[in-house]
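Here is a short guided tour for the bench. Have the sequence and the 3D view open side by side, and follow along at your own pace.

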Amino acid sequence: MGNDDGDEGWWEPPWKTGEDEPPGPPRRRQPALEPGYAHPLLSPLALAQDAVARLEARIESASPAVTEGLRARMSYREAAGWLGHAYIWIHPQDLALRDAGLTGSYGAAARLGRIEGELPATVAQGADFSALASNLGIDTSVDMALRFARLWRRLAEFRTWRPLADAEAMQETLKSLGFR
């Protein structure tokens with residue numbers, strides 16, 4: 001099966017020929033591509049994932065006190081967003097004051113006309129409290145949001161997604177967080 005064209009080494013593997021480099025000019029390395037966020041549906045998700053990855057990298061290098069403060073701040077923002085979804089607009093700083101026990105009942109303060117002392121950051125933003133005085137369940141909603149914030153912080157301390165892997169793991173996680 002000899003070949004008269006002189007290309008007997010053509011079918012030989014490179015390790016048998018002794019050549020380390022492929023034939024031809026050396027190839028230049030291509031620079032790393034920047035992520036493209038041009039897709040209209042996936043770009044918000046890609047940007048959020050990029051932000052979360054950067055945040056996780058910064059948290060790894062931060063001190064435990066800074067990490068705990070960041071978790072608390074994020075949890076109050078989540079709770080404020082949850083309340084905002086229920087049309088109760090309260091600033092995250094006011095939720096932190098309430099969670100620390102530095103402010104009292106928002107419903108009672110609204111009825112007495114002293115809401116400025118209970119919600120200083122929300123009042124500074126110029127929020128309208130006419131609907132707040134008529135909302136009888138505001139304190140219950142705020143307490144639920146603060147419980148949500150505490151649970152969010154506890155879940156962030158797990159530092160893994162394994163508690164959410166399947167239904168059984170989720171039930172165990174919820175039990176350890178205080179749910180029945």
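## A buried serine to start from

Ser75 has a relative accessibility of 0%, so Ser75 counts as buried, the limit being under 20%. Please keep in mind that this is a predicted model. You will find Ser75 in helix H3.

Which residues does Ser75 touch once its neighbours within four places in sequence are set aside? They are Ala149, Trp152 and Arg153. Another residue to look at from here is Leu146: it is 71 residues from Ser75 in sequence, yet the two C-alpha atoms are 8.6 Å apart in space.

## The chain as a whole

Let's step back for a moment. The protein chain has 10 helices and 0 strands, and its pattern along the sequence reads α-α-α-α-α-α-α-α-α-α.

Of the 180 residues in the protein chain, 23% are buried. Among contacts with a separation of 6 or more, 51% join residues that are 24 or more positions apart.

## Where H3 meets H9

Back to the helix that holds Ser75. H3 packs against H9 with the axes 8 Å apart and an angle of about 140°. Why are the two helices called oblique rather than roughly antiparallel? An angle has to be over 145 degrees to count as roughly antiparallel, and the angle of about 140° does not reach that, so H3 and H9 are oblique to each other. Their crossing is right-handed.

On the H3 side, the contact is made by Glu68, Arg71, Ala72, Met74, Ser75, Tyr76, Glu78, Ala79, Trp82 and Leu83. On the H9 side, Ser141, Val142, Met144, Ala145, Leu146, Phe148, Ala149, Trp152, Arg153, Ala156 and Glu157 take part. Sorted by class, this contact has 14 nonpolar, 2 polar and 5 charged residues.

## Two arginines on H9

Two arginines of H9 are worth finding in the viewer. Arg147 lies in helix H9, and it counts as partly exposed because its relative accessibility is 38%. The C-alpha atoms of Arg147 and Ser75 are separated by 10.0 Å, although the two residues are 72 residues apart along the chain.

Arg154 also belongs to helix H9, which covers residues 138–157. With 36% relative accessibility, Arg154 is likewise partly exposed. Its link back to H3 can be followed through Ala72, one of the H3 contact residues: Arg154 and Ala72 are 82 residues apart in sequence and 9.9 Å apart in space, C-alpha to C-alpha.

## How H4 fits in

H4 meets both of the helices described above. With H3, the axes are 8 Å apart and the angle is about 110°, so H3 and H4 are roughly perpendicular to each other. Here Tyr76, Arg77, Ala79, Ala80 and Leu83 of H3 meet Pro92, Leu95, Ala96 and Asp99 of H4. By class, these residues are 7 nonpolar, no polar and 2 charged.

With H9, the axes of H4 come within 11 Å and cross at roughly 90°, which means that H4 is roughly perpendicular to H9. Leu95, Arg98 and Asp99 are the H4 residues in this contact, and they meet Asp139, Val142, Asp143, Leu146, Arg150 and Arg153 in H9. How do the residues of this contact divide by class? There are 3 nonpolar, no polar and 6 charged residues.

Some residues turn up in more than one contact. Leu95 and Asp99 of H4 appear in the contact with H3 and again in the contact with H9. On H9, Val142, Leu146 and Arg153 meet H4 and also take part in the contact with H3.

## The loop between H3 and H4

Finally, follow the chain from helix H3 (64–85) to helix H4 (92–99), and you will pass Tyr87 in the loop between them. Is Tyr87 buried or exposed? Its relative accessibility is 68%, so Tyr87 counts as exposed. Phi of Tyr87 is near 65°, a positive value. Most residues other than glycine have a negative phi.

The model has 2 aromatic pairs by count. In one of them, Tyr87 and Trp89 form an edge-to-face pair, 6.3 Å from centre to centre and with 85° between the planes. Trp89 is exposed too, because its relative accessible area is 57%.

Key:
Residues are numbered from 1 along each chain as its sequence is written. This is a predicted model: local features need pLDDT of at least 70, side-chain atom pairs count only at pLDDT 80 or more; totals for chains, interfaces and linings use all residues. Side-chain values use heavy atoms; hydrogens and water are left out. Helices (H or I, at least four residues) and strands (E, at least two) are DSSP runs, numbered from the N terminus. Buried means under 20% relative accessible area, exposed over 50%, partly exposed in between (1.4 Å probe, protein chains only). Axes are lines fitted to C-alpha atoms, for helices over the stretch in contact, and angles run from 0 to 180 degrees between N-to-C directions. Angles under 35 degrees count as roughly parallel, over 145 as roughly antiparallel, 65 to 115 as roughly perpendicular and the rest as oblique. A crossing is left-handed if the near helix is turned anticlockwise from the far one by less than a right angle, and right-handed if clockwise. Contact means heavy atoms within 4.5 Å. Ala, Val, Leu, Ile, Met, Phe, Trp, Tyr, Cys and Pro count as nonpolar, Asp, Glu, Lys and Arg as charged, and the others, Gly among them, as polar. Rings of Phe, Tyr and Trp (its six-membered ring) pair if their centres lie within 6.5 Å; planes under 30 degrees apart count as stacked, over 60 as edge-to-face and the rest as tilted.
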